[in-house]
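Please open the structure in your viewer and keep the selection tool at hand. Each stop on this tour suggests what to select next and then describes what is there.

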Amino acid sequence: MSVAGHSPPPFFKRGPAPLVRLAFFVALSLFLLVTDLRFQTLEPTRMAIATLLWPLQKAVLLPVESAHDAGNYFSNVARLAAENAALRERQLAQAHRLLRQDYLEEENRRLRELLAMHERIDAPALAAEIVYAARDPFARRVVIDRGETHGVTAGQAVIDAVGVVGQVTRAFPLASEVTLLTDKHQAIPVQVARNGLRAVLAGTGGALELKFLPTNTDVQPGDTLVTSGLDGIYLPGLPVATVARIDRDNSFSFARIECTPLAGVERHGQVLVLGKRPESFAAPINVPPGDPGRAGDKPRRGAAR
């Protein structure tokens with residue numbers, strides 16, 4: 001019931017039935033879908049709305065993308081750290097192998113030089129390796145890995161690919177002690193390859209010195225000294241040392257002649273132990289051209305000890 005001058009409240013108004021409104025909106029939706037699918041009428045509207053909403057979409061997705069990027073960053077850092085550690089380990093392993101290869105190549109080169117020296121010497125020889133130096137700090141001695149069971153006896157000469165290293169002074173069953181040329185108690189008869197002058201070369205505890213030569217002797221710096229073979233131990237013609245310095249002081253009876261060993265007396269690790277010479281030894285050493293052992297007069301062959 002209505003009162004004069006007043007309309008009924010809105011909640012008392014009744015519009016179309018819900019079923020009618022549903023049918024209307026369904027029909028409108030189908031019409032818009034068909035129209036848009038057929039004529040693309042809503043595409044500009046859709047693009048305008050997407051353009052307007054793009055900043056909002058980026059703002060909403062920014063935390064998610066930041067979290068994803070941070071996760072990728074830390075995972076990449078961890079992966080790169082692991083790869084760097086693996087590469088460092090590989091580099092160290094390769095460096096170790098490279099150093100080992102360089103050492104083996106150098107050792108093979110020295111062994112080939114020893115083999116060539118063996119072929120040049122007409123005498124039996126046994127290859128040996130220096131295992132350690134003697135414990136006496138005032139002596140120049142080394143220990144090799146060949147002993148009496150290998151046929152090594154005291155008194156045998158020891159050489160390397162260049163020249164004389166020393167002499168076996170004590171032989172044990174499985175090892176031997178070699179006294180180097182530079183030992184102060186070691187001496188060896190030599191001769192100057194240039195003129196055949198004979199002398200005695202003695203060790204001074206670290207170097208070599210020619211003994212008992214007058215001040216006017218015919219020796220010059222740079223002369224090569226080779227074994228004379230007079231002691232019956234060392235084969236004649238083996239390179240021993242070179243003359244380094246000569247002090248000709250007339251106030252002394254003899255000249256002071258300092259020499260430098262040719263062989264790697266305290267450097268190399270492989271040596272040859274020469275066997276004893278037979279009584280009928282008469283063949284010269286096969287020294288290639290240019291070797292110091294061929295210069296000068298040929299030394300006499302000493303009798304085998």
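In this predicted model, begin with the largest nonpolar core, which has 29 residues, and select Leu 201, Leu 210, Ile 257 and Cys 259, the residues with the most contacts inside that core. Next, colour the strands β3 (157-159), β6 (187-192), β7 (198-203), β8, β10, β11 and β12 (270-274), each of which supplies at least two residues of the core. Among these strands, β10 gives the most, with 4 residues.

Stay with Ile 257 for a moment and show its surroundings: leaving aside residues up to four places away in sequence, Ile 257 touches Leu 208, Glu 209, Leu 210, Leu 213, Thr 217, Val 219, Val 243, Arg 245 and Ile 246. Apart from the largest core lies another core, of 14 residues, and you can find it by selecting some of its members, including Val 142, Val 158, Val 168 and Ala 263. As background, in soluble globular proteins nonpolar side chains tend to be buried together.

Now zoom out to the whole chain, whose secondary structure comes to 2 helices and 12 strands. If you follow the chain from the N terminus, the two kinds of element run in the order α-α-β-β-β-β-β-β-β-β-β-β-β-β. Of the 305 residues in the chain, 32% are buried, while the chain exposes about 19,600 Å², with carbon and sulfur atoms supplying 61% of that area.

For the next stop, select Phe 24, which lies in helix α1 (residues 18-39), and add Phe 25, Leu 28, Phe 31, Leu 32 and Leu 42, which together with Phe 24 make a nonpolar surface patch of about 590 Å².

How many aromatic pairs are there? With ring centres required to lie within 6.5 Å, the count comes to 3 aromatic pairs. In one of them, the rings of Phe 24 and Phe 25 have their centres 5.4 Å apart and their planes at 70°, so this pair is edge-to-face. Phe 25 is partly exposed, with a relative accessible area of 48%.

Finally, select Phe 212 and Phe 254, whose rings have their centres 5.8 Å apart and their planes at 80°, so that this pair, too, is edge-to-face. The pair links distant parts of the chain, 42 residues apart, with Phe 212 in the loop between β8 (208-211) and β9 (224-227) and Phe 254 in the loop between β10 (239-247) and β11 (256-261). Phe 212 counts as exposed, at 60% relative accessibility, whereas Phe 254 is partly exposed, with a relative accessible area of 44%.

Terms used: Residues are numbered from 1 along each chain as its sequence is written. Side-chain values use heavy atoms; hydrogens and water are left out. Rings of Phe, Tyr and Trp (its six-membered ring) pair if their centres lie within 6.5 Å; planes under 30 degrees apart count as stacked, over 60 as edge-to-face and the rest as tilted. Buried means under 20% relative accessible area, exposed over 50%, partly exposed in between (1.4 Å probe, protein chains only). Patches are made of residues with over 30% relative accessible area and no salt bridge: like charges are joined within 9 Å, nonpolar side chains (Val, Leu, Ile, Met, Phe, Trp, Tyr) within 5 Å. Accessible areas come from the Shrake-Rupley method with a 1.4 Å probe; for residues, only the protein chains shown count as cover. A salt bridge is a side-chain nitrogen of Lys or Arg within 4 Å of a carboxyl oxygen of Asp or Glu. A nonpolar core is a set of buried Ala, Val, Leu, Ile, Met, Phe, Trp, Tyr and Cys residues joined through side-chain atoms within 4.5 Å. Contact means heavy atoms within 4.5 Å.
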